[in-house]
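Welcome, and thanks for opening your viewer. Let's go through a few selections together, one stop at a time.

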Amino acid sequence: MTDPASLVISGIGVVSPVGIGVAAHWKGTLDRRSGIQPIDAALSGGSGIRVAGVVPDFDPADFLPRRLQVQTDRWCWMGLAAAELALADAAVGTFDPYRLAVLTAGSAGGNEYGQREIQALWREGPRAVSAYQSIAWFYAALAGQVSIRHGAKGRCGVAVADAAGGLHAAAQARRLLLRGQADQVLVGAAEAPLSPYALVCQSSLGRHSGADTARGAYLPFSERAAGSVPGEGGAMLVLERADTARARGAQVYAELASVACTHDAHHPADPPPTAAHMAEAVALALERAGVTPAEVDVILADGDGNRCWDELEAEALVSVLGARALEVPLAVPKTLTGRLNSACGVLDLAWAALALFHDVVPPAREDLDGQKVIAGLDVVRAPRRDTNLRTALVFTRGVGGFNAAAVLRTAGGPS
């Protein structure tokens with residue numbers, strides 16, 4: 001039985017390349033419906049990135065009035081949609097506005113909006129630039145727009161730690177709830193980094209796949225791994241105490257038992273000399289949750305897709321979990337979506353919560369079928385059902401040396 005004072009995920013909102021809404025996203029994941037596809041040369045912008053995870057059929061008009069659409073970028077549209085879906089999923093109706101917090105992660109920001117307005121400036125002069133340019137590109141715009149739209153007047157903030165940012169935001173949410181400074185916290189991130197300028201910026205790190213086709217472009221933990229694939233989309237979670245969620249009649253997906261973060265403090269373009277700080281994040285998360293390596297039932301991996309980074313992640317997991325690291329199912333469902341920058345960690349939290357809730361380990365894209373995996377890891381190729389999942393470990397890392405890990409525990413199953 002879940003401790004009434006434990007912190008739980010009671011709502012999930014997802015806008016991802018495999019589905020919009022938690023049900024569609026989960027079904028698309030289990031069906032291994034990949035959202036990675038070729039992008040045209042005009043969008044690629046000379047970046048050398050030719051494939052990406054794209055959200056199909058997303059219409060902001062389904063979620064936002066026109067006046068708000070013209071004030072915001074595509075990443076905000078997706079984040080606002082995910083927030084609305086999460087609040088509805090958690091059955092959050094009336095609430096004290098000063099007790100609802102909004103914490104997001106940010107990375108690419110509104111690059112598409114910014115590029116369009118800068119081009120207008122060069123073509124037509126300053127009068128052609130929208131007044132909303134000043135805020136639409138800003139990495140904190142999503143947190144602000146979500147809080148305004150839903151009347152949330154509690155704590156509001158943004159974590160900037162690339163792919164680890166979502167777990168940093170979740171850590172701050174835990175602190176707010178444990179200190180009694182909020183009743184519910186909307187935690188999440190969204191990204192739309194698929195504009196020419198954004199892709200050129202990302203490609204400067206030299207870590208993305210140069211594949212011409214989607215098949216085989218993103219192969220984390222494979223001996224043939226040759227880079228990652230960017231993607232768009234996002235996820236928002238409602239985090240609160242178990243007793244308040246159940247008093248409202250909300251279903252509870254999972255308990256967020258702990259979060260831990262470390263930093264490598266090295267040049268952002270280079271891998272760290274050892275996996276020590278990655279391992280420290282994992283070990284701290286397990287320690288704070290009171291979980292032993294033997295109790296970890298599934299790992300949601302970072303899965304960078306570059307051989308050196310994948311080997312470091314494997315080394316970190318083995319150093320903490322020992323032989324157990326080779327036995328635990330290693331899930332990398334982001335092979336279906338691409339890496340969503342700051343939304344990576346939040347989407348992995350959502351996948352982990354859904355895995356525990358449904359007792360199913362989510363699969364990787366079919367490209368990994370038949371691939372020789374490094375370090376003997378048990379990378380999950382197809383959905384694994386009824387495995388009695390109780391505890392999930394999420395690990396993610398961001399460019400610049402950010403490491404983050406979280407432990408989730410089961411809090412019941414589907415009714």
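Start by selecting Arg 365, which counts as buried at 10% relative accessibility. Keep in mind as you look around that this is a predicted model. Arg 365 sits in the loop between strand 12 (360-361) and strand 13 (378-379).

**Around Arg 365**

Add Asp 367 to your selection: the side chains of Arg 365 and Asp 367 meet in a salt bridge, 2.7 Å from N to O. Asp 367 is buried because its relative accessible area is 6%, and the cut-off for buried is under 20%. Now show Arg 215 as well, and you have a network of salt bridges linking Arg 215, Arg 365 and Asp 367.

What else does the side chain of Arg 365 touch with a polar contact? Select Ser 34, whose side chain makes a polar contact with that of Arg 365 at 2.3 Å. Then turn on the backbone of Ala 214, where the oxygen lies 3.5 Å from a polar atom of the Arg 365 side chain.

**Two further salt bridges**

The model has 18 salt bridges in total, so let's visit two others. Pick Arg 248 and Glu 240, which pair with their closest N and O atoms 2.7 Å apart. Is Glu 240 buried or exposed? Glu 240 is buried, at 0% relative accessible area, whereas Arg 248 is partly exposed at 26%.

Next, select Asp 31 and Lys 27, another salt bridge with a closest N and O distance of 2.7 Å. Here Asp 31 is partly exposed, with a relative accessible area of 46%, and Lys 27 is exposed at 54%.

**Out on the surface**

Switch to a surface view and colour Arg 155, Arg 175, Arg 179 and Arg 288: they form a positive patch. One of them, Arg 175, belongs to helix 8 (residues 165-178) and is partly exposed, with a relative accessible area of 37%.

Which residues make the nonpolar surface patch? Select Trp 137, Phe 138, Tyr 139 and Val 160, which together make a patch of about 380 Å². Phe 138 lies in the loop between helix 6 (133-136) and helix 7 (141-150), and its relative accessibility of 32% counts as partly exposed.

**Last stop**

Finally, go to Ala 411, in the segment after strand 16 (402-410). Ala 411 is buried, at 7% relative accessible area. Show Phe 357 too: the two residues are 54 apart along the chain, yet their C-alpha atoms are separated by 7.4 Å.

Methods:
Residues are numbered from 1 along each chain as its sequence is written. This is a predicted model: local features need pLDDT of at least 70, side-chain atom pairs count only at pLDDT 80 or more; totals for chains, interfaces and linings use all residues. Side-chain values use heavy atoms; hydrogens and water are left out. Patches are made of residues with over 30% relative accessible area and no salt bridge: like charges are joined within 9 Å, nonpolar side chains (Val, Leu, Ile, Met, Phe, Trp, Tyr) within 5 Å. Accessible areas come from the Shrake-Rupley method with a 1.4 Å probe; for residues, only the protein chains shown count as cover. A salt bridge is a side-chain nitrogen of Lys or Arg within 4 Å of a carboxyl oxygen of Asp or Glu. Lys and Arg count as positive and Asp and Glu as negative; His and the chain ends are not counted. The place of a charge is taken as NZ of Lys, CZ of Arg, CG of Asp or CD of Glu. Helices (H or I, at least four residues) and strands (E, at least two) are DSSP runs, numbered from the N terminus. Buried means under 20% relative accessible area, exposed over 50%, partly exposed in between (1.4 Å probe, protein chains only). A polar contact is a pair of N or O atoms within 3.5 Å; within protein, one must be able to donate a hydrogen and the other to accept it, and residues adjacent in sequence count only if both atoms are side-chain atoms.
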